[in-house]
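Q: I'm new to this structure and would like a close look at one part of its surface. Could you walk me through the nonpolar patch and who makes it?

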Amino acid sequence: MSHSSDHTHAAAPLPTAEELRGRLTQAGLRATRQRLVILESLLVLPGHPTAEQVHRRVAEVAPSISLGTVYKALDSFVEAGLTRRVASAEGASRRYDADCTEHHHLFCTDTQEIIDYCDPQLDELIRGFFAAKGLQNFQPHSFSLHITGNKVTCDR
């Protein structure tokens, strides 16, 4: 069982322009200057940033890129499989996860933190459950649990 928290990640190293172009091209997207800057910002921001957080970082290097452009680019990244959308507990703000590997999310209602959670045993239980149920006319390809709760401390 492993997990990682938004707040414990060290700053990600800056990807090279060539790496960014390669990711976009491999996903079937044109590597425009705007997409390159937005993708880089998404990859280096810690945790699961909102479009607004991505835009604030983008504005530091490209102030002419609008928030609407950031939303459009992030949506195209989701469609192309470069990132995933992660909702907060209330669903009020869309947050983005550049980690597209199989993992789940724990949402702390106290801190608003989204914590990545990986557990192969849980994944196997879910796969086995759905295999045993034999869903008619539906073949699951992937899944991600979004569990809402709060961190429990020992200081009570």
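A: Here is a short tour, starting with the whole protein and then moving to the patch.

A quick word on the basis: this is a predicted model, where local features need pLDDT of at least 70 and side-chain atom pairs count only at pLDDT 80 or more, while totals for chains, interfaces and linings use all residues. Residues are numbered from 1 along each chain as its sequence is written, and side-chain values use heavy atoms, with hydrogens and water left out.

The protein has 5 helices and 6 strands; helices (H or I, at least four residues) and strands (E, at least two) are DSSP runs, numbered from the N terminus. Read from the N terminus on, the order is β-α-α-α-α-β-β-β-β-α-β. Of the 156 residues, 31% are buried. Buried means under 20% relative accessible area, exposed means over 50%, and partly exposed is in between (1.4 Å probe, protein chains only). The protein exposes about 9800 Å², and carbon and sulfur atoms supply 53% of that area. These areas come from the Shrake-Rupley method with a 1.4 Å probe, and for residues only the protein chains shown count as cover.

Now to the patch itself. Phe129, Phe130, Leu135 and Phe138 make a nonpolar surface patch of about 400 Å². To belong to a patch, residues need over 30% relative accessible area and no salt bridge (a side-chain nitrogen of Lys or Arg within 4 Å of a carboxyl oxygen of Asp or Glu). Nonpolar side chains (Val, Leu, Ile, Met, Phe, Trp, Tyr) are joined within 5 Å, and like charges within 9 Å.

How open are its members? Phe138 counts as exposed because its relative accessibility is 54%. Phe129, at 46%, counts as partly exposed, and so does Phe130, at 36%. As for location, Phe138 lies in the loop between α5 (120–133) and β6 (146–149).

Two of these patch members also pair up. The structure holds 1 aromatic pair, and Phe129 and Phe130 form it, edge-to-face, with 5.2 Å centre to centre and 90° between the planes. For a pair, the ring centres of Phe, Tyr and Trp (its six-membered ring) must lie within 6.5 Å; planes under 30 degrees apart count as stacked, over 60 as edge-to-face and the rest as tilted.

So, to picture the patch: Phe129 and Phe130 sit edge-to-face, and Phe138 joins them in the patch along with Leu135.
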